Amino acid sequence: RSTAVYLTPLVTKLHKDCATPLPVLRHVADAMAADMRAGLAAEGGSDLKMILSYVDSLPTGSEKGLFYALDLGGTNFRVLRVQLGGKEERVIATEFDQVSIPKDLMFGTSEELFDFIASGLAKFAQKEGNKFHLPVGTKREIGFTFSFPVKQTSVDSGILIKWTKGFSVSGTAGRDVVACLMEAMERLGLDMRVSALVNDTVGTLAGARYWDDAVMVAVILGTGTNACYVERVDAIPKLQDHVSSSGTTIISTEWGAFSNGLPLTEFDRDMDAASINPGEQIFEKTIAGMYLGEIVRRVLLKMAEEDALFGESIPEKLATPFALGTPDLCAMQQDTSNDLQDVGSILYKAAGVESNLSARKIVVEVCDTIVKRGGRLAGAGIVGILQKMEEDSKGLIFGKKTVVAMDGGLYENYPQYRRYLREAVTELLGDDIAKNVVIEHSKDGSGIGAALLAAANSKYR
Ligand code: ADP
């Protein structure tokens, strides 16, 4: 097919506003590194909170025994067990289960919610198959992945700051979520202990590190985004009287809040203003899955209004926030047919618009522009983290193989996004250094990662 797109003034302006040439990428990487330093220097010193995970011991591969993981991050919770056999046998067996959380418990009391979770865990623990063996003299230990804002107080405790993602449970905010879970387990007579409380990024890092010592960074690109990495304790000025036998600890950057020097458009500003957290999470709103579709919808709405892109009338759907999802953009970008038939039917289904071929071409161009900006900025952010680490330990990052573990539905499913991300990393680092930086998809590593962290932080070591 002819790929020529008639560049309307609006498309040309969008290209210009979203452009991420090398100097812009370089600025973003440098600013990310500088913001990381500022956040490590003092609490509240930067857009980046640089949260201490208190995880100083990462899995090495030699862990042995039976460990559990419990993952609560949305409307489902997942439980998993793993039998670890050490360096030779590695993962001998795993089993998992998923339970959806009844809607009314999302609006109930803390006790009701944790009783439900503990009873799901108890049911799962009762069905332990014969491949699983608990070493004598030990308890079943759990790694708890809890993906809500927590003020971590040690590797196995943390205070809930507030519920998010539609949860409105009374009595948990301000309390240690591990204590809440332990109390519920006690009420049931379930004798297990929580050895690690982590977020999903830290779980992903641990899950990938178990297989490969070169893993230094983990990034989630899903509905939202975050990144964590291995930091030297002596490079964290705000850290007081923390002793780490490894000399390193994991820092959760909370990089979604980054905002320095991003190429933003009127569409980004309008979306931000209409969001539940205006002025916050600007990097996340530019690169993460929840928002890419919505940015494109806003662009298309303006093109419909000003250029009659889809004819004279404007369907209500196109004017409805979040009508277009990032999976829709992805599906449209995979259409290689001459008449862009899939693009047409997706536009009709999601946005209620009829489109001719030239309109469809423009739509694909808009998707590509927004996704290219997102992927390239995510790549620049990753380079910023690596650059910061390299500055503190010359040659230990760029001079040898370094792995960045990636997870999340956006990275996993969107090939163009992945490609743009990788291209930006290579442009910034140059071919020689970029060869040492391996970006690896670590699918659902965070579940098993939490169990591995329970093992690495076991009380029975
Ligand atoms: P979450 O981040 O919500 O925990 P995931 O990591 O599975 O969960 O990410 C889900 C997100 O990934 C969706 O919100 C969507 O933005 C993005 N996504 C899912 N499927 C696709 C797809 N086919 N193409 C592009 N993006 C996708």
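How many bridges join strand 10 to strand 11, and do these strands run parallel or antiparallel? The points below take this up along with the rest of the fold.

1. This is a predicted model, in which local features need pLDDT of at least 70 and side-chain atom pairs count only at pLDDT 80 or more, while totals for chains, interfaces and linings use all residues. Residues are numbered from 1 along each chain as its sequence is written.

2. Domain 1 takes in 1-53 + 212-443 and domain 2 takes in 57-198, with bounds that come from an automatic or database domain assignment. The C-alpha centres of domain 1 and domain 2 are 31 Å apart.

3. On the opening question, strand 10 (residues 225-232) and strand 11 (residues 248-252) run antiparallel and are joined by five bridges; strands here are DSSP runs of E, at least two residues long, and helices are runs of H or I of at least four, both numbered from the N terminus. V230 has I250 of strand 11 as its bridge partner. Helix 12 (residues 357-392) packs on the sheet and touches strand 9 (215-221), strand 10, strand 12 (402-407) and strand 13, its direction making about 155° with that of strand 9. Contact requires C-beta atoms, placed from the backbone, within 7 Å, and angles run from 0 to 180 degrees between N-to-C directions of axes fitted to C-alpha atoms, for helices over the stretch in contact.

4. The open sheet of six strands follows the order 1-11-10-9-12-13 with mixed pairing, where two strands pair if DSSP finds at least two bridges between them. Its edge strands, each pairing on one side only, are strand 1 (51-52) and strand 13 (437-441).

5. An open sheet of five strands, also with mixed pairing, has the order 4-3-2-5-8, and its twist averages 20° from one strand to the next. Nine bridges connect strand 3 (residues 76-85) with strand 4 in antiparallel fashion, V82 being partnered by T94 in strand 4. Helix 4 (residues 110-126) packs on this sheet at about 40° to the direction of strand 3, and helix 15 (residues 445-456) packs on the sheet at about 130° to that of strand 2.

6. The ligand is surrounded by 14 residues, the closest being G222, G289, C330, G409 and N413, where a residue counts as near if its C-beta atom, placed from the backbone, lies within 6 Å. Helix 9 (289-307), helix 10 (326-333) and helix 13 (409-413) each give two or more residues to this shell.

How values were computed. Contact = placed C-beta atoms within 7 Å.
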